[in-house]
Amino acid sequence: MSKQLSFEEYQSSVHNMEIYLFADGVRLIENIGGLFRLADAMGVKKILFSESKESYNPTKLKKISRSTSEFVPAVWEVSAENLLGYVPENVGIVALEYTADSDPITAIPDDLQRGPLVLVIGSEVTGVSPTMLEEADEVVHLPMYGRNSSMNVTIVTGMALYELLRDFK
């Protein structure tokens, strides 16, 4: 029978893909906390938020993020206009949004998939902003097989990061 590892016994894996997250309008503290946890778990270099950190209770954010908000690098109040000032020069921008001409995430060109890469995720209500859809080098979606047309931003981000890192070690 398998035994669950304790915090002290756990050893993380390592990858060398340079991934950044841009949370374009994500506002709910539960999703922000989840994004910090995902960023830590998936080795994201930095999270860039369009919102102001002042909007969030730091104690609640620390609790929801299981303290990952204390050490995962993050920049707040980033806009589409100044995004490139916070990431490497040669970064590719991939927006995660279901649009009329988006491609499945598995179709990201190899040059973008090798990184460095910014994965743009959108707000809980309106998705990725038109400005970021325009700025993106590629717009991708996760194929969905049910009736609903969207998923929770934290869940879909985790699925996308897993897909991006699946063959990248």
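The legends below describe several close-up views of one predicted model.

**View 1. The whole chain, with its five helices and seven strands.**
Read from the N terminus on, the elements follow the order β-α-β-α-β-β-β-α-β-α-β-α. Along the principal axes, the C-alpha atoms fill a box of roughly 45 × 40 × 40 Å. A compact globule of 169 residues would have a radius of gyration near 15 Å, and the chain, with 16 Å, agrees with that value. Of the contacts in the chain with a separation of 6 or more, 85% are between residues 24 or more positions apart.

**View 2. The surface and the charges of the chain.**
The chain exposes about 10,200 Å², and carbon and sulfur atoms supply 49% of this area, while 45% of the 169 residues count as buried. The chain carries 14 positive and 24 negative charges, and the mean positions of these two groups are 12 Å apart.

**View 3. An aromatic cluster formed by Phe 36, Phe 49, Tyr 56 and Trp 76.**
The count of aromatic pairs comes to four. In one of them, the rings of Phe 36 and Trp 76 have centres 6.4 Å apart and planes at 40 degrees, so this pair is tilted. Phe 36 belongs to helix 1 (residues 29-42), whereas Trp 76 sits in the loop between strand 3 (74-75) and strand 4 (92-96), so the pair ties together parts of the chain that are 40 residues apart in sequence. Both of these residues, Phe 36 and Trp 76, are buried.

**View 4. The stacked rings of Phe 49 and Trp 76.**
Here the ring centres of Phe 49 and Trp 76 are 4.2 Å apart and the planes meet at 15 degrees; because planes under 30 degrees apart count as stacked, the pair is given that name. Phe 49 comes from strand 2 (residues 46-49) and Trp 76 from the loop between strand 3 and strand 4, so the pair ties together parts that are 27 residues apart in sequence. Phe 49 is buried, as is Trp 76.

**View 5. Two residues with a positive phi, Ser 67 and Glu 77.**
Ser 67, although it is not a glycine, has a positive phi of about 70 degrees, and its place is in the loop between helix 2 (58-64) and strand 3. With a relative accessible area of 28%, Ser 67 is partly exposed. Glu 77, which is not a glycine either, has a positive phi of about 60 degrees and lies in the loop between strand 3 and strand 4. The relative accessible area of Glu 77 is 52%, and this residue is exposed.

**View 6. Ile 121 and its contacts in strand 6 and beyond.**
Ile 121 is found in strand 6 (residues 117-122) and, at 1% relative accessibility, counts as buried. When its neighbours within four places in sequence are left aside, Ile 121 is in contact with Phe 22, Ala 23, Asp 24, Val 26, Leu 35, Leu 96, Val 128, Val 153 and Thr 157. Pro 143 is 22 residues away from Ile 121 along the chain, and the C-alpha atoms of these two residues are separated by 16 Å.

**View 7. Asp 137 in the loop between helix 4 (130-135) and strand 7 (138-141).**
At 45% relative accessibility, Asp 137 counts as partly exposed. Its contacts, leaving aside neighbours within four places in sequence, are with Val 91, Gly 92, Ile 93 and Leu 112. For Asp 137 and Val 91, the separation is 46 residues in sequence and 9.8 Å in space, taken from C-alpha to C-alpha.

**View 8. Asp 40 in helix 1.**
Asp 40 has a relative accessibility of 39% and counts as partly exposed. Residues up to four places away in sequence are not counted here, and beyond them Asp 40 touches Thr 68, Phe 71 and Val 72. Along the chain, Asp 40 and Phe 71 are 31 residues apart, and their C-alpha atoms are separated by 8.7 Å.

Notes
Residues numbered from 1 in each chain as written. Predicted model: local features only at pLDDT ≥ 70, side-chain atom pairs only at ≥ 80, totals over all residues. Heavy atoms only, no water. Phe/Tyr/Trp six-rings, centres within 6.5 Å; stacked < 30°, edge-to-face > 60°. Helix = DSSP H or I, 4+ residues; strand = E, 2+ residues; numbered from the N terminus. Buried < 20%, exposed > 50% of the residue type's maximum accessible area, 1.4 Å probe, protein only. Rg over C-alpha atoms; globule rule 2.2 N^0.38 Å. Contact = heavy atoms within 4.5 Å. Areas by Shrake-Rupley, 256 points an atom, 1.4 Å probe, with all protein chains shown as cover. Lys, Arg positive; Asp, Glu negative; His and termini not counted. Charge placed at Lys NZ, Arg CZ, Asp CG, Glu CD.
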